[in-house]
Each structure stands twice: as structure tokens, then as C-alpha cells.
Amino acid sequence: MESQTTMPPPPPPPFSSLPVDENQKATEFRVFSISKPHMLAFHLAWLSLFSCFFSTFSIPPLLPIIRADLNLTDADIGHAGIASFAGSIFSRLAMGPVCDLLGPRIASATLSLLTAPIVLATSLVSSPQSFILIRFLLGFSLANFVANQFWMSSMFSTNVVGLANGVAAGWANMGAGLTQLVMPFLYNILIKYFNIVPFTAWRVIFIVPATFQVITAIMVLVYGQDFPTGNYKKGRTQYTKQTQEENLLRILFRGLRNYRGWILALTYGYCFGVELTTDNVIAQYFYDRFDVDLQLAGTIAASFGMANLFSRPIGGVISDKMGKRFGMRGRLWGLWVVQTVAGLLCVLLGRINSLWGSIVVMCGFSVFVQAASGLTFGVVPFVSQRSLGVISGMTGSGGTVGAVVTQLFLFSGSKFSKQTSISLMGIMMIVCTLPITLIYFPQWGGMLCGPSFDLEKAIEDYHLLE
């Protein structure tokens, strides 16, 4: 068991109908509730991040049209894909300490409001260089993911935090899938019913994701709450007193020296990073390889992203169930098995030569790779209590670093065909999952060994150092 208490649980915070632990974190997760503050924070967190994914991935489904308008080469498209991920690497790493210092509500809303004008500016691009720059700047909005996971870890107790993190991120990631359907649909509406020329129509519809992002940011500011006990200053003082006097550099360095965070960053780079890469290339892959039209290619690509409705939450559920039954060892084993299976399916996807076969394997691959992301963030909240935001940021940044590396070496003017690159991506997933075996917690153990014999000292050392 990962956490136990002999004290009866305290009453829930005002207006909350959920049972809570000693830190006022909810011990139940009721997905259809909007109870303050826990479930309302959940719905605001996933919806805000959903809008950011919708905006960031609103370009790929329109690439065949944008490519013709701006005279983009394959190299330009590849570089733009890398830029979109590179923009979120440092922003995600920075977002962790910002959440530790300012709270997730202000951090999330501020980032959304700052990047919304960039979404709108997509309609003004006129050259390959400006297109690459816009994709780079759009990538910053994905740092909202760190605030999302930080917020859930602050609101929900250890027995349901994997589920909360999984559903919040999984539902948000559906924005990358829904945009594959909505943007081509809006594009066709403008052409068919408003007689707008194609090279103007694709520009006009970026008003939609920009407006959506602003609305969700305002909702977070108005209705959100940082912690169960209140907003940043009040809530943090009441249940994270050990860090209230610390500055940015101390929080950052404590997280950076934790080796478990680096391993989880690598692991996440080859589950979520692979998911991001697939979101970027899958529509064009089906459009070019199987000669389907733009609408059908977008629909196929949408099915990959929309699997997040249940697949990433399933990963969170598996993590919590394995944690309850086997402790931390169960969480780690579950992550390794699921991500390895995802890698095998990715290898197979690149070897299938039929349209329907590729669609079936892609759907299976999407379920496992997204579940692996949920399982990863089922482990993250246990790595460091004092630098939770930094560890979340490191792991989140690892996802985008993995996407950049994969896009750079396999999908940016590579000598390999796209199908071969997809199979190689699967092999990289399998290899980069192996370091999970090195993660060890003195009080809980690791995949291959149990906890320390001197359990009390191990727990004391863990809380002093982490």
C-alpha cells in the first residue's frame, strides 16, 4: 500500500460533497459531478488544456491546402512539426516551477491568454519561414499540460490521483483528435455555402480555436481554485508549509537532481512524444500512402486522437488498481508492459499494406500508447512532494523532446519511407521503456526488488531529500 492513515478523514471543504483525506484532497473521483472545489477544478483543467490541443493541432488537417498556398516543401513541413514541439519543451519545464510558485490556476490561464493571439496570427502567415515561426510559438500553449497535471495532483488523493490525471489529460488530448474533424469541416462549409476561395477559407477559420482558448482561460480565472483549501497563498500555506519559504532555484534544483524524474521524462518521450508525432503525421500519411481524400484522412486521424476519451483514463485506472494491489511495483510493471505492447503495435503499423488493416492496428496502437501516458502520470505524483511541479514539468518536457527527436530523425527529410519510419519509432519506444526497471523508492521498492529493510529510516530519508 502506498499511503495509509489511522485517523478518521476530516470533513470535506465547504461546498464539496466528496470525502477527503488529511490534506483535504478528494479520495473519490466522480467524473459527472461539478462539486466545488475538486470536480470543478477537474472540468476546468481538462477543458482549458483541450482548447490548447485543439489550437496547436488545428494546422495538420489543413496541411494539403496550406502546403499549396505557401508552396511548402516536405522539409518545410518537417521543420514546422519540429518547431511546434520545440516550442513546448522549455515552456513545459518552466511551467513546473511557475505552478510551484504561483499556483496552477494563474499559470494555466495566463499561458492560454498569451498564446491565443498567436493562434489568430496563423491566418496571416505568408511564407514558409513565418509558418515555421507560428508553429514554434503555438507549441508554447502545450505547457498548459503541466498545470493540468499539477492541479489534479493538488486536488486528488493518492488512491485516485492516477485516474484523475489520466482522465484530465486524456479528455484534453481529444482536442488534437477533434480538430482533425472540425477544421476540415469548417473549411468545407466556408467554401460550399459562403463561396470563399480555398486560400482564404483556411485562414478565416483560425478565429474559432483562438476564441475558444480565450473563453476557457477566462473560465479558469473566474471559477477555478488552486487547492482544496483555497487559492494559491491560502491553500499552499495550509498544506505545503515545507516549501512556502523556498525560491524558484531551490525548487528547480531539487527536482532536477531526482533521477526518477529523468527516467520518467525519457519514458514519456516515447509514449506521449510518439502520440504527438503521430498526431502530426498520420493524416498526411493516409492521404499520401492510400490516396484517400482530405476529409477521410482527417476522420482517420481523428480516431487516433479521440481514443483519449477512454484510453488515457484507462491507464490511470490501471495504475491506481495496480498500486492498490501491488504498491509502487505494480504501477511500474503496468507502465512497462503497456508501453512495450504499444511499441510492438507501432512496429506492426508500419508493416501493414492495406488501408483497413492499417486503421485497425492504428486504433489498437492509439489505445496502448495513450494508456502508457496515463500510467506514467500515475507514478509522477510520488516522485517528489516538494518539487511536484518541477517533476511534472520535466516529464512533460520529456514528451515534447521525444517528439522533436522522433520528428527530426524519422519524419524530416529522412531517407526512410514513412511506413519504415513508423516501425522504427516503435522500436525506439520499446528500447526507451527499459530504464523503468531502474526506478527505485526506498519505502516502496522498484520493479525488480522490494522496499528497504529499514522502512522507517527509508521514509524519513525520502521526505528529507525529496
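This section describes the overall make-up of a predicted model and then several of its local features.

The chain contains 20 helices and 2 strands. Of its 466 residues, 60% are buried. The accessible surface of the chain amounts to about 18,100 Å². Carbon and sulfur atoms account for 69% of that area. Contacts were also sorted by sequence separation. Among those between residues at least 6 apart in sequence, 78% link residues at least 24 apart.

One residue with such surroundings is Y268, in helix α12, which spans residues 259–269. Y268 has a relative accessibility of 0%. The cut-off for a buried residue is under 20%, so Y268 counts as buried. Leaving aside residues up to four places away in sequence, Y268 touches R92, F145, G273 and R312. The list of its contacts continues with S373, T376 and F377, and with T395, G396, G398 and G399. G374 gives a further view of this region. Y268 and G374 are 106 residues apart along the chain. Their C-alpha atoms are nonetheless separated by 9.7 Å.

Helix packing was examined for α2 and α13. Helix α2 covers residues 63–70, and helix α13 covers residues 272–289. Their axes lie 10 Å apart and meet at an angle of about 80°. Angles of 65 to 115 degrees count as roughly perpendicular, and α2 and α13 therefore fall in that class. On the α2 side, the contact is made by L63, P64 and R67. On the α13 side, Q284, Y287 and D288 take part.

A nonpolar patch was found on the surface. Its members are V98, L102, I106, L113, I218, L221, V222 and Y223. Together these residues have about 660 Å² of accessible area. Three elements each give two or more residues to the patch: α3 (74–102), α4 (104–121) and α9 (207–223). The most come from α9, which supplies 4 residues. I218, a member of the patch, lies in this helix. The relative accessibility of I218 is 44%. Partly exposed residues lie between the 20% and 50% limits, which is why I218 is placed in that class.

Backbone geometry was examined next. The peptide bond between K36 and P37 is cis, with omega about -5°. P37 sits in the segment before α1, a helix that spans residues 38–56. Q24 is also placed in the segment before α1. Q24 has a positive phi of about 70°, although it is not a glycine. At a relative accessible area of 16%, Q24 is buried, because the limit for that class is under 20%.

D291 likewise is a residue other than glycine with a positive phi, here near 60°. D291 belongs to the loop between α13 and α14, the latter covering residues 294–306. Its relative accessibility is 69%. Exposed residues are those over 50%, so D291 counts as exposed. The two positive-phi residues thus differ in setting: Q24 is buried, whereas D291 is exposed.

Technical notes
Residues are numbered from 1 along each chain as its sequence is written. This is a predicted model: local features need pLDDT of at least 70, side-chain atom pairs count only at pLDDT 80 or more; totals for chains, interfaces and linings use all residues. Side-chain values use heavy atoms; hydrogens and water are left out. Patches are made of residues with over 30% relative accessible area and no salt bridge: like charges are joined within 9 Å, nonpolar side chains (Val, Leu, Ile, Met, Phe, Trp, Tyr) within 5 Å. Accessible areas come from the Shrake-Rupley method with a 1.4 Å probe; for residues, only the protein chains shown count as cover. A salt bridge is a side-chain nitrogen of Lys or Arg within 4 Å of a carboxyl oxygen of Asp or Glu. Buried means under 20% relative accessible area, exposed over 50%, partly exposed in between (1.4 Å probe, protein chains only). Axes are lines fitted to C-alpha atoms, for helices over the stretch in contact, and angles run from 0 to 180 degrees between N-to-C directions. Angles under 35 degrees count as roughly parallel, over 145 as roughly antiparallel, 65 to 115 as roughly perpendicular and the rest as oblique. Contact means heavy atoms within 4.5 Å.
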